[in-house]
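Dear colleague,

Please find below the structure I am handing over to you, followed by an account of what was found in it.

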Amino acid sequence: MRVLGIETSCDECAASVVEDGRRILSNVVLTQIPFHAGYSGVVPEIASRKHTEWILDVARRAIADAGLSPQDIDAAAATAHPGLSGSLLVGHTFAKGFAWAQNIPFVSCDHLLAHLYASNLTGKDLPPSAIDTPYPFLGLLVSGGHTVICRVDNFDRVIPLGTTLDDAAGEGFDKVARYYGLGYPGGKYIDELAQSGNAGAFKFPLPNLDKTGRKYDVSYSGLKTAAVNQLRLFCVKNEYRDMLADGKIKPCDMSPQMKADIAASFQKTAVDILLRALLRAVEDTGINLVVTGGGVAANSHLRARLAAIPDLRCVFPPAALCGDNGAMVAGLAFRYLERGETSPFSSTISARVSLFKRLP
Ligand code: KG4
Ligand code: ZN
C-alpha cells in the first residue's frame with residue numbers, strides 16, 4: 001500500500017510516498033527557513049501563506065519522484081496536531097481534498113507520534129534504521145517545539161513521563177544561537193561550532209527540579225539565561241556603559257574560539273539536562289531501549305553520549321528524518337490503515353498537544 005504523507009505543522013512544507021509503512025519511495029521537504037530567518041523565528045502568517053503557495057507542487061513532486069501518478073496512491077495522510085493552526089490547516093485540508101478526489105482513505109496523524117515512528121523507515125540513500133523496534137520502549141522527543149520523555153506501548157499508545165517546564169530543547173539551542181548571532185535555526189550551527197570548542201570552558205547550571213517532585217521533567221530557561229548572561233559578560237569590557245544605558249546587547253569582540261567554547265559548553269549542559277531525566281526514567285521503568293525523534297535528535301553530542309551509555313540501546317532516525325518530513329506521517333498512517341482505521345473528512349486540526357500532555 002502506498003501512502004502519501006503531508007506535513008505542514010510548522011515551517012517545512014513536506015510530502016512523501018511510503019510503501020507499506022516502511023519503504024520511502026520519495027521524500028520532498030521544502031524549507032521556509034530563508035523566509036523566517038530575518039525574524040529569528042517562525043512567523044505563523046508567513047508560514048501558512050507559503051504552505052498555501054507550495055503544497056500542490058510539493059505533493060506533485062513527491063508523487064512524480066516516486067515514479068507514480070495520483071491514481072497509484074492508495075491513501076492520503078496529514079499531520080493534524082500539534083503545530084501552528086494556519087499551517088496545519090493547509091496540509092490537512094490538502095490531504096483530505098486529495099483523498100476525496102481520488103476516492104481513497106484519509107488518515108489524520110499526530111506530529112509527535114510521527115516523529116517517534118521515523119526510525120521505522122528505510123529507503124534509498126538512507127542507512128537502515130531500527131525496523132520493528134519492540135514495544136515497550138522509552139521515547140525521547142526533542143524538537144523545536146517539544147521535549148518529551150515517554151513510555152511507548154504501541155505506535156499510537158504513549159504515557160508521557162516528563163516534559164519541559166518552559167522552553168523546548170531546540171528552542172534553547174535556537175535562542176542561544178540567536179543571541180550569539182550564530183545562525184538560524186541555531187541547533188545545527190551550535191552543533192557544528194561545538195566540534196572545535198572546549199565543553200569544560202564554561203560551567204552552566206543544571207536546573208534544580210527536585211523540589212517539584214517531577215523527576216523526568218526538564219527545563220531550559222535557566223541554561224538559556226546563563227548562556228545569554230555570559231554574552232553580557234563578554235560585552236562588559238567594551239560596552240558596559242551603553243549596555244546599561246539602553247538595556248541592549250551590543251556586538252562585542254568574542255574570539256571565534258570563545259564562541260566555539262560557549263557552543264560546546266552550552267550543548268554539553270543541554271544534553272546533561274536531557275540525560276539526567278531520561279536515565280531516571282530508564283532506571284525506574286526498567287526499560288533500556290530508547291527511541292529518539294525530532295530535530296534535536298540529529299545532535300552529534302546527544303547521539304555520542306547516548307550511544308556511550310552501557311546497557312542502553314538507543315535508536316536514532318537517520319539525520320534526514322529527524323526534522324519534519326512527510327515520510328514519518330505516511331509511515332505512521334499505514335499502521336492505522338493496517339488496523340482498518342481511517343479518519344472522517346470532518347476531522348480537523350488542533351494546535352494543541354493532546355496525546356503527549358502529561359496530567360498535572
Ligand atoms: O522537529 P523539528 O524539525 O521541528 C519541530 O517540530 O520543532 O525540530 C527543529 C529543531 C530546531 O530547534 C533546530 O535548531 C533543532 O531542531 N536542530 C538541532 C540540530 N538540528 C536541528 N538541535 C541540535 N543539534 C542539531 N544538530
Ligand atoms: Zn517536528
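Ligand 1 is surrounded by 20 residues (each with a heavy atom within 4 Å of the ligand), the closest being Gly-144, Asp-174, Gly-187, Asp-191 and Asn-299. This is a predicted model, in which local features need pLDDT of at least 70, side-chain atom pairs count only at pLDDT 80 or more, and totals for chains, interfaces and linings use all residues. Residues are numbered from 1 along each chain as its sequence is written, chains are lettered from A and ligands numbered from 1 in the order in which they are written, and side-chain values use heavy atoms, with hydrogens and water left out.

Polar contacts (pairs of N or O atoms within 3.5 Å) involve oxygen atoms of ligand 1 as follows. A polar side-chain atom of Asp-174 lies 2.6 Å from one such oxygen. Backbone N or O atoms take part as well, at 2.8 Å for Gly-144 and 2.9 Å for Gly-187. Ligand 1 taken alone exposes 550 Å², of which the protein buries 85% (Shrake-Rupley method, 1.4 Å probe).

By class, the shell comprises twelve polar, four nonpolar and four charged residues, with Gly counted as polar and Asp, Glu, Lys and Arg as charged. Helix 4 (111-117), helix 5 (169-179) and helix 6 (186-194) each supply at least two shell residues; helices here are DSSP runs of H or I, at least four residues long. Helix 6 gives the most, with four. Domain 1 (2-127 + 321-338) and domain 2 (137-317) each contribute at least three residues to the shell, the bounds coming from an automatic or database domain assignment.

With kind regards

Technical notes
Polar contact = N/O pair within 3.5 Å; in protein donor to acceptor, adjacent residues only side chain to side chain.
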